[in-house]
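Grab your viewer and work through these exercises with the model open. Try each task before reading its solution.

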Amino acid sequence: MISIVALLLQAAPAPAAVAPWTVTPRPSSDPTITTTVTSAPSADGNAKLVVRCDAGKAKVVSVQLFSRTSLGGPPARPVSLTFDANTPMIDNWEFVPQGAFQRDDVAVTTLTTALAAAKTIKVHTTTTTGEPVDATFAGPASAQPI
């Protein structure tokens with residue numbers, strides 16, 4: 001019986017991967033908050049760029065960067081985003097060990113407007129010890145998911 005189940009599991013198709021920049025609802029432990037995200041992996045697969053919206057009594061939108069390289073957490077430090085080889089947008093982001101995020105309304109509006117039209121996004125920051133962290137992402141196929 002166990003071997004039949006094992007064979008069936010091997011034959012089952014793998015779950016479909018979510019395409020980059022597809023809007024995906026996320027479960028929340030708080031039923032009054034709805035979370036949706038859209039994201040893309042970096043070209044080398046070592047980072048992910050995310051736009052996240054948490055909607056409840058207030059809407060909080062953030063742009064987030066997650067890296068397989070530990071970013072080391074606080075303090076806040078500069079993150080540079082370059083959209084299609086234009087002038088880099090540099091601002092201080094908040095850091096956690098594996099990621100960084102920007103949630104300031106004005107900064108997020110500026111970033112998401114540029115991101116929605118970009119074909120290529122380059123991100124540069126550093127770890128707390130000053131090691132450079134660079135990633136390149138494909139922009140969304142249209143502005144719709146952003």
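**Exercise 1. The β8-β9 hairpin**

In the hairpin of β8 and β9, which residue takes a positive phi?

Solution. Start with the ground rules. This is a predicted model, where local features need pLDDT of at least 70, side-chain atom pairs count only at pLDDT 80 or more, and totals for chains, interfaces and linings use all residues. Residues are numbered from 1 along each chain as its sequence is written, and side-chain values use heavy atoms, with hydrogens and water left out.

Next, find the strands; helices (H or I, at least four residues) and strands (E, at least two) are DSSP runs, numbered from the N terminus. Five residues sit between β8 and β9 in this hairpin, and Gly130 has the positive phi, near 90°.

Now check the pairing, which requires that DSSP finds at least two bridges between two strands. β8 and β9 (residues 132-138) are antiparallel, with seven bridges. One pair to look up is His124 with its bridge partner in β9, Asp134.

**Exercise 2. Two faces of β8**

Work out which side chains of strand β8 (residues 120-126) are buried.

Solution. Recall the general pattern: in a regular strand, side chains alternate between the two faces of the sheet. Then apply the cut-offs: buried is under 20% relative accessible area, exposed is over 50%, and partly exposed is in between (1.4 Å probe, protein chains only).

On one face of β8 you get Ile121, Val123 and Thr125, which are buried. Thr120, Lys122, His124 and Thr126 point to the other face and are not buried.

Then look across to β5 (residues 77-83), which runs antiparallel to β8 and is joined to it by four bridges. Leu81 is the residue that stands opposite Val123.

**Exercise 3. Polar residues in β5**

Decide whether Ser80 and Thr82 are buried or exposed, and list their contacts.

Solution. Both belong to β5: Ser80 is there, and so is Thr82. Ser80 counts as buried because its relative accessibility is 12%. Thr82 is buried too, because its value is 16%.

For contacts, use heavy atoms within 4.5 Å. Skipping neighbours within four places in sequence, Ser80 touches Pro88, Met89, Ile90, Lys122, Val123 and His124. With residues up to four places away left out, Thr82 is in contact with Pro88, Thr120, Ile121 and Lys122.

**Exercise 4. The sheet**

In what order do the nine strands form the sheet, and which strands stand at the edges?

Solution. The sheet is open and antiparallel, with the order β1-β2-β3-β4-β7-β6-β5-β8-β9. The edges belong to β1 (24-26) and β9; each has a single partner strand, so one side of each lacks a neighbour in the sheet.

At the β1 end, three bridges link β1 to β2 (residues 34-41), antiparallel again. Pro25 has Thr36 as its bridge partner in β2.

**Exercise 5. The nonpolar core**

Find the residues of the largest nonpolar core that touch the most other members.

Solution. Build the core from buried Ala, Val, Leu, Ile, Met, Phe, Trp, Tyr and Cys residues joined through side-chain atoms within 4.5 Å. The largest such set has 24 residues, and Leu81, Phe83, Trp93, Ile121 and Phe137 touch the most other members. Two or more residues each come from β3 (47-55), β4 (59-67), β5, β6 (89-96), α2 (105-117), β8 and β9. The largest share, four residues, is from α2.

Zoom in on α2, where you'll find Leu111. Leu111 is buried because its relative accessible area is 7%. Beyond residues up to four places away in sequence, Leu111 touches Val63, Leu81, Phe83, Met89, Trp93 and Gln102.

**Exercise 6. Backbone oddities**

Which peptide bond is cis, and what is phi for Trp21 and Asp84?

Solution. Keep the baseline in mind: most residues other than glycine have a negative phi, and most peptide bonds are trans. The cis bond joins Pro74 and Pro75, with omega about 10°; Pro75 is in the loop between β4 and β5.

For Trp21, phi is positive, near 60°. Trp21 lies in the loop between α1 (2-11) and β1, and is buried at 5% relative accessibility. Asp84 has a positive phi near 50°. Asp84 sits in the loop between β5 and β6 and is partly exposed, at 34%.
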